[in-house]
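Visitor: I would like to go through this model with you, one question at a time. Could you start once it is on display?

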Amino acid sequence: MTYYQEQISKIKEHGSKDFININSSENTIVLKLVDDSDETVNLLTEWRKKFKNMFATNFGINKERTKNWIRDSILKNPDRILFIIYFNEKKVGTIGTALYDEKTNSAHIDTVMKDPSCNYPPLISLVEKIYLKWMFDGLKLSKIQGLLFRDNFPALVLHLSCGFQVVETFPIKKILSNDGWVWKKIDPKSETNLAERYFSIIELSRENLIKNMDEIDSKMSF
């Protein structure tokens, strides 16, 4: 088991309790390990449907599949973790880590979502910067990557403000299935596979994150 996996396992052993606390003005922001309660399942199902066009895959989304995804793809997966973002004690979003690469000691920031009804513009920027710092300090990663649609401008601006840089962009095409679709990389020189959208790979070093960190009051606990 790698150091990365050991730390992920330790967090999961403690269950859904306060892990990262962020104080912003008079607001309280807390990150807790995702749970499979009915409330969380309902919220994640609703958000996944709302933002389905910003994911690489789409399928028949329902509460049962969401609950199974939380249990099997997150809680039982030693390479992946997901946190619920609480804003003033209300569940308003998610942020996570996935796709660990032992060779490069890197991982992806993953599943960053916010409930549109949460009207606090600085929220995700605050959370992402603190979360990225934890990924470097707590998981001892050498670099952090991400994958997003090139036309997802709000997400791109957010990530760039944290210090990410675009390192690659490639064309993709939607491949339909009986259950939904998946976006696949295509040969840019192909005359038959015309690009429908583009993916961008972004990358972050610890040095670039620190340059873009604000003075944020936060603490981490198990």
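**Residues, helices and a pocket**

Guide: Let us begin with Thr111, whose place is in strand β6; the model is a predicted one.

Visitor: Is Thr111 buried or exposed?

Guide: Thr111 belongs to strand β6, and its backbone has a positive phi of about 50 degrees although the residue is not a glycine. Buried means a relative accessible area under 20%. The relative accessibility of Thr111 is 12%, so Thr111 counts as buried.

Visitor: Where is Asn105 found, and what is its phi?

Guide: Asn105 has a relative accessibility of 19%, and because the limit for buried is under 20%, this residue counts as buried. Asn105 is found in the loop between β5 and β6. Although Asn105 is not a glycine, its phi is positive, at about 50 degrees.

Visitor: Which residues lie nearest the centre of the largest pocket?

Guide: The largest pocket holds about 1,400 Å³ of space, and its lining is made up of 40 residues. Those that lie nearest its centre are Met54, Phe55, Thr111, Val112 and Met113.

Visitor: Which element gives the largest share of the lining of the largest pocket?

Guide: Several elements each supply at least two residues of this lining, among them the helices α2 (38-50), α3 (63-75), α4 (123-139) and α5 (153-161). The strands β5 (90-101), β6 (106-114), β7 (143-149) and β10 (197-204) also each supply at least two. The largest share is seven residues, and the element that gives it is β6.

Visitor: How many residues of the lining of the largest pocket are nonpolar, polar and charged?

Guide: The lining of the largest pocket consists of 40 residues, which can be sorted by class. The classes hold 23 nonpolar, eleven polar and six charged residues.

Visitor: What word describes how α4 and α5 lie to each other?

Guide: The helices α4 and α5 pack with their axes 10 Å apart and at an angle of about 45 degrees, and their crossing is right-handed. Angles under 35 degrees would count as roughly parallel, and those from 65 to 115 as roughly perpendicular. The angle of about 45 degrees falls in neither range, and α4 and α5 are therefore oblique.

Visitor: What separates the C-alpha atoms of Leu132 and Gly96?

Guide: Leu132 lies in helix α4, and its relative accessible area is 0%, so this residue is buried. Along the chain, Leu132 and Gly96 are 36 residues apart, and their C-alpha atoms are separated by 9.9 Å.

Visitor: Where is Asn77 placed, in terms of elements, and what separates its C-alpha atom from that of Ile210?

Guide: Asn77 is placed in the loop between α3 and β4 (81-87), and its relative accessibility is 25%, so Asn77 counts as partly exposed, the range that runs from 20% to 50%. Asn77 and Ile210 are 133 residues apart along the chain, and the separation of their C-alpha atoms is 30 Å.

Visitor: Lys173 and Arg197 are 24 residues apart in sequence; what is their C-alpha to C-alpha distance in space?

Guide: Lys173 lies in strand β8, which covers residues 165-177, and its relative accessible area of 23% is not under 20%, so Lys173 is partly exposed. From C-alpha to C-alpha, Lys173 and Arg197 are apart in space by 6.6 Å.

Visitor: What separates the C-alpha atoms of Asp35 and Ile70?

Guide: Asp35 lies in the loop between β2 (27-33) and α2, where its relative accessibility of 14% is under 20%, so Asp35 counts as buried. Asp35 and Ile70 are 35 residues apart along the chain, and their C-alpha atoms are separated by 7.5 Å.

Terms used:
Residues numbered from 1 in each chain as written. Predicted model: local features only at pLDDT ≥ 70, side-chain atom pairs only at ≥ 80, totals over all residues. Heavy atoms only, no water. 1 Å grid on protein atoms, 1.4 Å probe; cavity = no way out; pocket = protein on both sides within 12 Å on 5 of 7 lines; lining within 4 Å. Points joined across faces, edges and corners; volume = space filled by probe spheres on them. Helix = DSSP H or I, 4+ residues; strand = E, 2+ residues; numbered from the N terminus. Nonpolar A, V, L, I, M, F, W, Y, C, P; charged D, E, K, R; others polar. Buried < 20%, exposed > 50% of the residue type's maximum accessible area, 1.4 Å probe, protein only. Axes fitted to C-alpha atoms, helices over the stretch in contact; angles between N-to-C directions. Parallel < 35°, antiparallel > 145°, perpendicular 65-115°, else oblique. Left-handed = near helix turned anticlockwise from the far one by under 90°.
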